[in-house]
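Notebook open, structure loaded. I want to look up the ligand surroundings, the domains and a few odd backbone spots.

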Amino acid sequence: MTVARDAVVIGGGHNGLVAAAYLARSGLSTLVCERRGVLGGAAVSEHPFGPDYTVTSLSYVVSLLPPALVADLGLARHGYHVYPQGPYFAPRADGRYLSLPADPSARRAQIAKFSARDAAAYERYTGHLARLGAVLGPLLDEIPPRLGSRRPPDLWRQGLLLRHLRKLDERGAVDATRLLTGSIADLVERYFESDAMRGVLSVSGVIGTWAGPRSSGTAYVMLHHHIGGTDGQAGAWGFPRGGMGGVTGALAAAARSFGAELRTGAEVARIRTRAGRVTGVTLASGEEIDAATVITTAHPQISFLRLLDPAVLPAGFVEDIRGWQTRSGTVKINLALGRLPVFASHPGFDPRVHGGTIVLAESLDDVETAFQDAVSGRPSALPFADICIPSVFDDSLAPAGQHVMSLFTQWVPYQYAGAPQPAEIDAYADRVIARVETVAPGFTGSVLHRQVIGPHQMQEEYGLVGGNIFHGELSLGQMFHARPAAGYADLRTPVRGLYQAGSATHGGGGVTGIPGRNVVRQVLADRRAARWRRRAGAAGR
Ligand SMILES: Cc1cc2nc3c(=O)[nH]c(=O)nc-3n(C[C@H](O)[C@H](O)[C@H](O)COP(=O)(O)OP(=O)(O)OC[C@H]3O[C@@H](n4cnc5c(N)ncnc54)[C@H](O)[C@@H]3O)c2cc1C
């Protein structure tokens, strides 16, 4: 059977849904094909412990979704709501804790427990990040120009880049260079002397990254996580109601309200082309859908090496996609708890603690050692964990009195993407739970259910090739004009009518929706240009 649509979107993750919503809003008949039985991709809520618990399977907090996108698509009307996440709380095995509350004088007192010098340095540190974020943040929103191209429209767009760089003075230019090329260790060790501060602040430099805090490029990863904002506060994160599936649920409802059709269990087996132009897709069921516009949001190695015949692509492009670095060694652990953890250092319920970002990383060296273990081929002996308990705010996630906990942890060897390694992954999860037990005695006994998702499951079930949480590392060589291939960071591809908008494109890396929104700008611009060419051709005849 063959049907036809103006546009087909491959993948019902958040970027696919954003693209579908904007396409349908522009009047294009749009079909989303999602391979899994559920929409959401890596931003999904599921029920591995039965219907009483809702677990945010992979991603867990939102910050990078632009407010203008939320407004454009009317997401609040479709249930999108974010509870601001509380501050960092880092309990330590010696019975102390560090927390970083929003109130400046309370924060200073907290940091001063570990170092008066660090307490004084914190404002300078955040000021430094804010200045760099103000210059580099807006670049995340942009469609990168084709750097190196000599075509006049590309030269013009390259020139426009200068308007961002003009915001940098001489000091800022050096600071930006150092941030882009340096390590998170270089940065935090410059400002802070205590293990407690260095440990906590190093974590956001290595989240989802196959690199330890002493590896170059990790300072930028931290800034990437710092750029977004919840309620307009830079760097603030929040828990969406209903887990991350609340975000994609709202996006799906918005897309449907504009007329898009969203299909699950609809795996695309082939992207069809003729004479360098896309003609549609063929589903694994054999169904054919004709479309002059196809947007793929699947991982680039799926899109360009499996769904397309690489022979129809230029050799240099295929080489870039084959060489795409997509490792991370992340393990996500989701738990159902009979009660909240009782921290030895801070007993009793405190929404700023239980509703905050609970970080287990006592020093930067601990984090680096955890990475080096995995580099040597062993899962970390002492994994770090970035933990949250969204049910503290959202009572829809667990039965009254019970909770769900999300633990983002690293590292196992990235090669685990190639095989399930159940015994090693289980033993690793035991160590993470034992680490929580050290700071919250009795915790292990409160665990009712557990789900452990390692790199292999991320790859096979969720389509995150190599287990990388962002469809590809956020390393300097894979950013901006290099994401994901030379000459194609503008969301187009070598096949006319075929576009890309997953996390491996610029603006991606997290639940940003930016590629999904920007790709529609490209699609509409190309359709307008084609109309003009047709009209000009008709007028000339
Ligand atoms: C453990 C983990 C924690 C994370 N934490 C956060 C966080 O807290 N905050 C944050 O902002 N980001 C986080 N991220 C990153 C973020 O979730 C991803 O970058 C983002 O969700 C990717 O969205 P996407 O739409 O680009 O791709 P995806 O969500 O991966 O969607 C692509 C979709 O394409 C589908 N697909 C693949 N092949 C086919 C095919 N042949 N036919 C049809 N469909 C296909 C897949 O099934 C998938 O649903 C995390 C990721 C992970 C894995």
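**Ligand shell.** I started with the ligand and found 40 residues around it, with G11, G13, G41, S59 and G510 the closest. A residue counts as near a molecule or strand here if its C-beta atom, placed from the backbone, lies within 6 Å of it. Before going on, a note to self: this is a predicted model, where local features need pLDDT of at least 70 and side-chain atom pairs count only at pLDDT 80 or more, while totals for chains, interfaces and linings use all residues. Numbering runs from 1 along each chain as its sequence is written.

I sorted the shell by class and got 19 nonpolar, 16 polar and 5 charged residues. My classes: Ala, Val, Leu, Ile, Met, Phe, Trp, Tyr, Cys and Pro are nonpolar, Asp, Glu, Lys and Arg are charged, and the others, Gly among them, are polar.

Which elements supply at least two shell residues each? I noted α1 (14–25), α11 (300–307) and β17 (330–337). The largest share, 3 residues, comes from α1. Helices (H or I, at least four residues) and strands (E, at least two) are DSSP runs, numbered from the N terminus.

**Domains.** I looked up the split next: domain 1 is 2–82 + 241–324 + 479–540, and domain 2 is 86–125 + 184–236 + 326–462. These bounds come from an automatic or database domain assignment. The contact between them takes 21 residues from domain 1 and 24 from domain 2, a contact being two residues whose C-beta atoms, placed from the backbone, lie within 7 Å. On the domain 1 side that touches domain 2, I have 11 nonpolar, 8 polar and 2 charged residues. The C-alpha centres of the two domains lie 31 Å apart. Back to the ligand for a second: its shell draws at least three residues from each domain.

**Cis peptides.** I found a cis bond from Q410 to W411, omega near 10 degrees. W411 sits in the loop between β20 (403–410) and α15 (422–439). Another cis bond runs from R483 to P484, omega near 0 degrees, and P484 is in the loop between α17 (455–462) and β22 (498–500).

**Positive phi.** F480 lies in the loop between α17 and β22 too, and its phi is near 50 degrees, positive although the residue is not glycine. Buried or exposed? F480 is partly exposed, with 18 other C-beta atoms within 10 Å. The cut-offs, with C-beta atoms placed from the backbone: buried is 20 or more other C-beta atoms within 10 Å, exposed is 12 or fewer, partly exposed is in between.

A275 is another non-glycine with positive phi, near 50 degrees. I placed A275 in the loop between β13 (268–274) and β14 (277–283). It is exposed, with 7 other C-beta atoms within 10 Å.
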